[in-house]
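Biologist: I am new to this structure and would like a close look at a single part of it, the place where the two chains meet. Please take me through that part slowly and explain each term as you use it.

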Amino acid sequence: MTSSQKKIALVGNPNIGKTTLFNKLCGLSQKTGNYPGVTIDKKKGKFKFNNSEFEVIDLPGINSLYPKSKDEELVINYLADKSKADFPDKIIVTVSALNLKRNLYLFHQIKDLEIPLILAINMTDIAEKRGIFIDEKELQNIVGCPVIKISAKTGLGINNLKTALTSELTPDRLAQNYTTELSSDILSELKHKHKKHTNYHTFLSITHTEIDANDILAQNNTSARKLKVNESILRYKFIKSYLDNVLTVDKSKANDFTTRADKLLLHPIWGYAIFGLILFTIFQSLFALAAFPMDWIDNLTTNFAEVSKLWMPEGYLNDLISDGIVPGIGGILIFIPQIAILFLFFSILEESGYMSRIVFLMDKLMQRIGMSGKSVVPLMSSLACAIPGIMAARSIENKKERLITILIAPLLTCSARLPVYVVLISLVVPDEYYGPFNLQGLAMFGMYFIGIFASFIVALIFKLILKSDYSGTLLLEMPQYLWPSAKNTLITVWKNVSSFVINAGKIILATSVILFVLATKGGDNFDNANEIVSQQYITLSKDEIKTKVVSYQLENSYLGMIGKSIEPAIKPLGYDWKIGIALISSLAAREVFVGTMSTIYSINSEESLTIKNRLAQERNTETGELTFTLATAVSLLLFYAFSLQCFSTVAVTYKETKSIKWTAIQFIYMSVFAYLAALIAFQLLS
Amino acid sequence: MSCKLTDIKINQSGTIKEVIDNPLITKLFEFGLLPGASFKVLNIAPFNGPISILIEDTRIALRRKEAQFILVNC
């Protein structure tokens, strides 16, 4: 990073189009975060303007500097510590013209932290259509910092905003308007004593009881709580005192579409029916639409492996690439259509304002099983990937509700399970129609249902076990309905898909190379396979011996030894040592299962087949029976439905809960659950 | 006369009279649920679910548990 690069932080309430502004400023030059998701963690991007380079940090939306959720705590810690290396040079506080009064509350709090800042009023175009006019010059005079009207969607005012960023910002300090109990002299004194940066930061530290100022509070006949309550009253009073001078509302133009739409969308019956219909549409598209590109990708990978085998000089490297790396990478590429579709829908639901309605509709039902309406969004994200789901649980204020949401999120069918399910279902369920329903589609729907059902049961159990506290509740703004912007939606989809492919791809590439090496190296028996087999089967023809040698080699490779050593533990579940290898290698990430299976079986077979056909032909080397019987496939499906085979999820649970205990509980309960379910299923069916 | 916000029916409006002290009073205030603010009840979720109200120009949803602390003119 060059020293001339300026760091800009975007701050604002939720639902004000902050992410749209971020996309508008940075376009596609965003650093893809570690994990896909909507607004989680700090997101970074870059842009250039008039020869200056800017790094933009998009922070999660917060309601105030009084932290009630993890999200808010993170932003506050980031903004409070000026000594940190990544502290922003300038801040853009984004507010919505549709919701000026409430958004200005947060603006004034941040302004009092005395960081150079610009106030950007977003959605001014929509507001003017609805009869809301803002005098930004007047507002600028009152608040003492640049005020710029923008529309992040259309690009209106973005150049003015960039120009303002290039100029020197020296915001005026307003008179202290957040407390009357403590004079600015008292705060200044405490500021120096506790080495805080501003009076307001000192004030915040007192109200968070980080600074012990009980004597001074008592002298001034107040308490930390009283200070906090009075702050909100005083700030709204101050905003009210000038708001009429800057805001004109022409009621005749008011558009009450949102209220009318809510009458239907939040209706006790129709509201739920519509939500159900939306969910149904999402899943239909996931399977009906994604199936075609998924087939293409599968065939393409198979063909690519064949071509690379033919065109490259023969040898170990050729085998490594065509039998190890290419099938492994194919296993990840096959996710792309479904992830893209899922995030497309999420992004539309989020931007249109419907996500908050889901929270509203589902809150009471979710409370019955120990969660909050706000758990629905993390849980729906978990249908794509548990990682953004667990991170999105940060917005839940109540600690118990948040913990339960995190603990059960990985039970929901994430997209990493899909390729495993697709392959296993296609092996045992015929591709036929029962009335209008495709049987394989129904089986897939059943797997989703099992995941949801199990998560609810487990949530209920945790609800009964865990102690409640009164650390938070549900308070949320229901934004006005807006048309999502196509460009913004597509950027969100692109970002999520690319970060998924890059992150999962790294793991898969590494595992497929390691697997290939382990499968093609072994001890003495491996090296002398040719002689041992020819001595054992003297009567067989040359070709038959060749096949025997290959399978003997695999059995005696390092990989085979690992698989064999765990065979006793997994035999009751109906698995042989080859499936054992796949289980171990997919401990880091479930999706590796398919890649491993295809790697193992390509080593074992002469011709290139699609994964499905290869598995369908697989027979037990000893008994000659089909490996994938109904009982084995169902047992494997249940195992993958419940087990926590995803190191990234384990890591993110630890990161979010900061507790080894809960991370361990999550891993153990899921593993035990998976083993028992698979055991019972296999024993009953075989 | 004063009653609780939970007693107000859909489409009725009024002004907030007082917010009884509770652990979440600051949050309620920060969302603009302040004494003197005018409101209108927009939607009520079934089975004693949350209430959505229009407060000034903002739509806010809150649970009945917290709505009980809000006393309104009626």
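Modeller: What follows describes the contact between the chains, then the sheet they share, and last a pair of helices.

This is a predicted model, in which local features need pLDDT of at least 70 and side-chain atom pairs count only at pLDDT 80 or more, while totals for chains, interfaces and linings use all residues. Residues are numbered from 1 along each chain as its sequence is written, and chains are lettered from A and ligands numbered from 1 in the order in which they are written.

The contact between the chains takes 28 residues from chain A and 29 residues from chain B, where two residues are in contact if their C-beta atoms, placed from the backbone, lie within 7 Å. On the side of chain B that touches chain A, at least two residues each come from helix H1 (25-30), strand S3 (38-44), strand S5 (58-62) and helix H2 (64-67); helices (H or I, at least four residues) and strands (E, at least two) are DSSP runs, numbered from the N terminus. That side of chain B divides into 14 nonpolar, seven polar and eight charged residues, with Ala, Val, Leu, Ile, Met, Phe, Trp, Tyr, Cys and Pro counted as nonpolar, Asp, Glu, Lys and Arg as charged, and the others, Gly among them, as polar.

Strand S12 (residues 475-477) of chain A pairs with S5(B) in the antiparallel sense over three bridges, pairing being accepted if DSSP finds at least two bridges between two strands. Within this pairing, Glu477(A) stands opposite Ile60(B). The two strands belong to an open, antiparallel sheet of seven strands, ordered S12(A)-S5(B)-S4(B)-S3(B)-S2(B)-S6(B)-S1(B). Its edge strands, each pairing on one side only, are S12 of chain A and strand S1 (2-4) of chain B. Further along the sheet, strand S2 (residues 13-19) and strand S6 (residues 70-73) of chain B run antiparallel and are joined by three bridges, with Glu18(B) opposite Leu71(B).

Turning to chain A, the axes of helix H19 (residues 418-428) and helix H29 (residues 630-642) come within 10 Å and cross at roughly 160°, axes being lines fitted to C-alpha atoms, for helices over the stretch in contact, with angles running from 0 to 180 degrees between N-to-C directions. H19(A) and H29(A) are therefore roughly antiparallel, a term for angles over 145 degrees. Among the residues that make their contact are Leu424(A) of H19(A) and Leu636(A) of H29(A), and the contact divides into 10 nonpolar, no polar and no charged residues.

Conventions. Angles under 35 degrees count as roughly parallel, over 145 as roughly antiparallel, 65 to 115 as roughly perpendicular and the rest as oblique.
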